[in-house]
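Me: I have a structure open and a few labels I'd like to see justified. Can we take them one at a time?

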Amino acid sequence: MKYLIVFLCFAFAKALTAQEQPVDSLIRVTAGYQTIDEAVLPDAVIYSKDNARRVVVNHRGIEMTCDRAVLYQKDNFLRAVGNVIMKQGDSITMTCNYAEYNGNTQLAFASEKVNMITPDTRLTTDTLFFNRIKQQAYYRSGGTVRDSASTLTSRVGRFYVQEQKYRFIDDVVVTNPEYTINSNHLDFYEENGHAFMYGPSTITGKTSKVYCERGFYDTRGDTGYFVKNSRIDYNTRTITGDSLYFSRPRNFASATNNIVVTDTINNSIIKGHYAEVYRDKDSVMITKRPLAITIEQQDSVYMTANKLIVTGPKDNRFVRGYNDVRLFKTDLSGKCDSITTRQSTGLTKMIRKPILWSGKSQMTGDSIFLQSNLKTEKLDSLRVFYNAFIIDQDSSGGFNQIKGKELTGFFKNNELDKVFLNKNVENLIYSRNDKQELIGINKGTSGTMEIEFEDKAISIIAPADNSEDILYPPKELPENARTLRGFNWRGDERLITKADLFKGKKPPVLTKIKGIPLPELDEGFFDEEDGKLNENSVLQNGELENRIENQSKELQQPSGEENNGN
């Protein structure tokens with residue numbers, strides 16, 4: 001009789017407490033067995049399953065089933081043990097071996113083989129917190145998320161139910177059969193597989209590696225967009241730029257603004273403001289003020305054009321330039337309409353209105369071929385095919401002129417040393433005394449001619465094969481007769497410095513790049529009220545405190561930049 005009175009008093013007190021709260025705020029439990037053991041679990045009701053049914057818990061839209069539950073009615077607090085399954089509508093199912101739930105704060109805690117399942121992903125961890133008011137789940141001791149394409153792991157993670165977004169912090173790894181992503185901060189949207197990376201991040205595949213400090217990647221479509229210190233290591237090329245795009249299915253990459261493409265095998269660099277790279281074709285196309293630099297120990301070669309294309313395998317690269325091609329070396333410069341350089345042979349072909357300047361000497365023809373010595377990395381020889389024409393301006397302003405059908409020249413220490421002209425050779429040479437006074441003008445013809453250069457100027461002319469020369473006194477040869485047919489002096493176009501490569505060209509209009517805004521910093525997961533642990537919880541004081549997450553420093557910077565993504 002004594003125990004019955006205690007039990008009735010306890011039940012009456014619980015009823016009075018329940019009346020103080022709205023009915024729907026109370027945790028409701030049904031089970032096969034229901035017991036009270038004040039000695040072991042004071043102020044609690046113990047629920048257990050029977051052969052017919054498991055323990056069922058309901059509270060404001062969630063349903064939980066388990067093998068055993070302890071309900072502290074006064075605190076509206078529940079502990080669940082054994083094969084726990086918690087469901088929130090059709091959106092979230094959570095399973096574990098142990099769980100706690102506070103009906104007042106709607107904060108759930110799960111541990112031991114925790115799985116949180118959504119329509120698109122499965123999260124596995126050892127401990128998980130779920131705030132039903134914020135609709136956020138949180139772990140901080142390591143977790144793994146699997147979707148249809150990838151597996152994602154991190155030390156810290158938060159899931160936003162309404163946004164269907166995960167935020168992974170610290171030691172983030174995304175594993176896919178085709179690539180691996182490493183980052184310190186990655187936001188992942190489960191519905192479409194979109195990932196946003198913040199801080200130093202890499203995407204490593206079989207044939208490429210991407211680095212960025214802010215970027216986007218479609219983990220299911222295998223395409224990405226990267227800004228801020230971005231780089232793609234693609235075969236033997238490295239691509240950098242303000243904005244990079246990458247498509248793994250197409251083996252394609254593009255770059256926009258302040259681009260540098262480095263060929264690590266052939267020691268060459270291409271710069272510009274728009275580039276496209278095709279791995280299958282082993283090609284690079286670059287426009288908007290492109291500049292190709294072939295790095296040589298003795299003297300690097302600089303080339304620009306409206307469009308530059310590099311194709312071919314690493315041991316047989318071709319460089320092609322189209323429209324307004326310009327070349328520069330310290331001792332040689334030139335122009336043409338199109339050009340092709342084969343790096344494996346060292347042969348450069350200048351086509352359509354080509355012109356070369358060596359010192360004060362100008363050479364033109366229908367086409368000009370330059371041959372480099374691959375061992376010494378120096379110019380070896382040149383060939384001018386059809387309508388070869390040499391014009392050399394002497395120190396007094398006169399123009400020595402030699403023309404023929406074809407020309408062969410040889411270089412010594414990268415300077416033009418000797419030239420041979422063949423077939424229908426004509427010459428017009430100014431003769432001067434030691435005081436550089438004009439004493440006559442020689443006009444003549446021959447079958448062949450040899451020319452020697454000294455200090456980048458003509459020093460010796462030796463005609464041969466039926467030569468016919470006439471030395472005219474200056475007064476007998478009027479100005480209009482002092483040029484050979486086809487004479488066209490273009491000395492004002494000569495490239496004196498590297499800056500002349502872009503002389504007269506308007507700077508390109510750069511594409512406005514829309515950056516990737518920084519994420520908003522997370523507020524603390526636990527509210528102040530959450531930190532007040534129920535005395536019956538297995539958690540210790542302080543375990544519901546917000547811990548500092550290892551986010552990168554850039555997450556403290558303002559977001560919303562649009563121009564360069566920095």
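Reply: Sure, pairing first: two strands pair if DSSP finds at least two bridges between them, and strands here are DSSP runs of E with at least two residues, numbered from the N terminus, while helices are runs of H or I with at least four. Bear in mind that this is a predicted model, where local features need pLDDT of at least 70, side-chain atom pairs count only at pLDDT 80 or more, and totals for chains, interfaces and linings use all residues. Residues are numbered from 1 along each chain as its sequence is written, and side-chain values use heavy atoms, with hydrogens and water left out.

Me: What makes S1 and S4 a pair?

Reply: Strand S1 (residues 28-30) and S4 share three bridges in the antiparallel sense, and the cut-off is at least two, so they pair. Val29 has Val57 in S4 as its bridge partner.

Me: And what makes S4 and S5 a pair?

Reply: Five bridges, again antiparallel, link S4 to strand S5 (residues 62-66). His59 stands opposite Ile62 in S5. The hairpin they form has two residues between the strands, and Arg60 takes a positive phi near 45° there.

Me: Which residues of S4 are on its covered face?

Reply: Val55, Val57 and His59, with Val56 and Asn58 on the uncovered one. In a regular strand the side chains alternate between the two faces of the sheet.

Me: Why is Tyr274 called partly exposed?

Reply: Its relative accessible area is 24%. Buried means under 20% and exposed over 50%, with partly exposed in between (1.4 Å probe, protein chains only), so Tyr274 gets the middle label. Tyr274 is found in strand S22 (residues 268-278).

Me: How do you know that Tyr274 and Glu276 make a polar contact?

Reply: Their side chains come to 2.6 Å. The term asks for a pair of N or O atoms within 3.5 Å; within protein, one must be able to donate a hydrogen and the other to accept it, and residues adjacent in sequence count only if both atoms are side-chain atoms. The 2.6 Å value is within that limit, so the label holds.

Me: What is the largest nonpolar core, and why the name?

Reply: It has 96 residues, and Leu186 and Ile239 have the most contacts inside it. The name means a set of buried Ala, Val, Leu, Ile, Met, Phe, Trp, Tyr and Cys residues joined through side-chain atoms within 4.5 Å. Apart from it lies another core of 11 residues, including Leu107 and Phe526.
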